[in-house]
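Biologist: I am new to this one. Could you walk me through how to read its features?
Modeller: Gladly! Let us look together.

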2 protein chains.
Amino acid sequence: MERPPLADAIIRSFDSYSAEVRKAARFVLDNPRDVALLSMREQARRAGVQPSTMMRLAKQLGFDGFEPVRDAYADAMRNPANSFERKARDQQRLQDLGGEQALAAKIVASVTRQLEALSAAEQLVRLSDAARLLAGARRVYCLGLRASHPIAWQLNYILSLVGDRSVLLDDLANTGSDRIRFAGPEDVLFAVTVMPYTQLTLDVVDYAHRQGVPVVALTDSPVSPLAKRATITIATTTESPSFYHTMTPAFALAEILAVLVAGQGDTETLDALRQVDSYHASLGTHAAERPFPVARPPKEVQ
Amino acid sequence: MERPPLADAIIRSFDSYSAEVRKAARFVLDNPRDVALLSMREQARRAGVQPSTMMRLAKQLGFDGFEPVRDAYADAMRNPANSFERKARDQQRLQDLGGEQALAAKIVASVTRQLEALSAAEQLVRLSDAARLLAGARRVYCLGLRASHPIAWQLNYILSLVGDRSVLLDDLANTGSDRIRFAGPEDVLFAVTVMPYTQLTLDVVDYAHRQGVPVVALTDSPVSPLAKRATITIATTTESPSFYHTMTPAFALAEILAVLVAGQGDTETLDALRQVDSYHASLGTHAAERPFPVARPPKEVQ
DNA sequence: GCAATTGTGAAACAAATGTTGCAAGCGGTA
DNA sequence: TACCGCTTGCAACATTTGTTTCACAATTGC
């Protein structure tokens, strides 16, 4: 299914839909396969919408009911964008369209391969060990400077959603890491740096290590200078076909780690999320479209 | 669906089936797609067989009923790339792992699949279009708040390595986006937000749009509120098996986009990188692990 | 050739499906 | 305030679904 049947039509008239119908349309756009594979009611459920709304969407698209819509999507799935054929064609197009898109595709391929490798057994063990360590900590100090900033920030952000134990060691006026002074053996320092290693990060980790603070290191090698000081080292790759190394695998790891740590909280996590939700609701932080990040009933949280 | 789920099992025991069940099995083998897309009764009709016979086939295959069979085929259709074999293997491994590691593995798998999708032809076209637009801009304003911060930050960071045209619209004291006042039609605003959309981001984009500033939007749907104001919309997914949506695909996109933009600079980019290198060398930002100054052309800079 | 076993078709079931109609809710207008 | 049109959720509808049951037919072994 290269281009889902009604995608264009939906996008074109999306603005004229009502709020609920939009939710339905969103679902259809995002999950074209499920339109054919799931019952309408099930789709309504997942889209967070009444079955009647799916009907309304179908009718607004000019159909008698939802079944014809399903049929359209089923047809599209029957003659598959023959993955073989299509890949060949895509490859061909890359050749034609020159270096830029080819480079982008190469990077995607490279990063994808690196991500896949993250599900190696030992990685998972490391991750869950690290999660347990972080979950048990009084406070979690997050440190990632320069290129590693997004990674540390992301961990701190997600942890901050579900509690107040996380501290981001970053600030204006070069005072970011000062708060590490208050860390002790019952805390944990989460530190990120990859080659070329940021000196300040190493220094702070060194200090924390001497103070007996356990360290979870996210870095690019088990023999990186960070790893030496770390209680647990999570290693990832940063290779990229371009001039700039990629931080995407590290970012993914931090995200997963954060989710695992939050998951250890269980009910407290859910409470905190609900609280975050109502907080932002009363502040009007978000454009009103759907409740906070809990996209679906959070039954998968553990 | 390279290899239909139960093909092997069916072929293996085909001979032991009765005449009617064989008809059913034959149909399943010949029309694997229809197994997922049609109702069981309809399949029975087409196979020239009673519904009960389909049931019997399912039970002979070791299932409780026909629905699980359908599910198996539906799963196979959802990610055509993943061969059945591989999925089975992954599934097996998940069983062996604890809930926590299983969740981690699931997230990795999900994100990997989403990343793969980024190399679709239209995505690449969008990316390179966006890159061209950004490369031609006088200034590039980067805006991403809350969960989208790492994405905007990353683009700004990489662009800052190779020039001084990038401005991050973020700051202390809620003054972050003020500088958008200076943007005009010869600049570009790069804005990121996903559901639930940050109101301030939408407002700023709105303002910039009215000022005639071209907008490159990185968001989660072609019908997101961001997309309406955007000159070019790059859409990505954020689904995750966990309670928190993933920003990893968006992060990867930003990284790639940044690299493409930097690549347009060519010689200037290389000059800038060399300069960055010597700058950090003289400040001692990085731990000297690598021979310094860089012997080879500096293709990797932090 | 008969009994026992197996395979088959038809009818019946509850559950789930697609669809419809209606009343309550909402925001804007007179 | 009363009214309007539009949107939304709910309950009900007739079908259709997957599944079970059972009587009958076919096949088998003796």
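Biologist: How many residue pairs are in polar contact across the interface of chain A and chain B?
Modeller: A polar contact is a pair of N or O atoms within 3.5 Å; within protein, one must be able to donate a hydrogen and the other to accept it, and residues adjacent in sequence count only if both atoms are side-chain atoms. Here the rule finds 19 such pairs, both residues at pLDDT 80 or more. This is a predicted model, in which local features need pLDDT of at least 70, side-chain atom pairs count only at pLDDT 80 or more, and totals for chains, interfaces and linings use all residues. Residues are numbered from 1 along each chain as its sequence is written, chains are lettered from A and ligands numbered from 1 in the order in which they are written, and side-chain values use heavy atoms, leaving out hydrogens and water.

Biologist: How many salt bridges cross the interface of chain A and chain B?
Modeller: A salt bridge puts a side-chain nitrogen of Lys or Arg within 4 Å of a carboxyl oxygen of Asp or Glu. The rule finds two across this interface. In a salt bridge, Arg26(A) meets Asp220(B) at 3.2 Å, N to O.

Biologist: How many residues does each chain bring to the contact?
Modeller: With contact meaning heavy atoms within 4.5 Å, chain A brings 94 residues and chain B 87.

Biologist: And what area is buried between chain A and chain B?
Modeller: Buried area is the accessible area (1.4 Å probe) that two parts lose on being put together, summed over both. Here that comes to about 8,200 Å², with 64% from carbon and sulfur atoms. Glu100(A), Arg146(A) and Phe243(A) supply 10% of the area that chain A buries against chain B, more than any other three residues.
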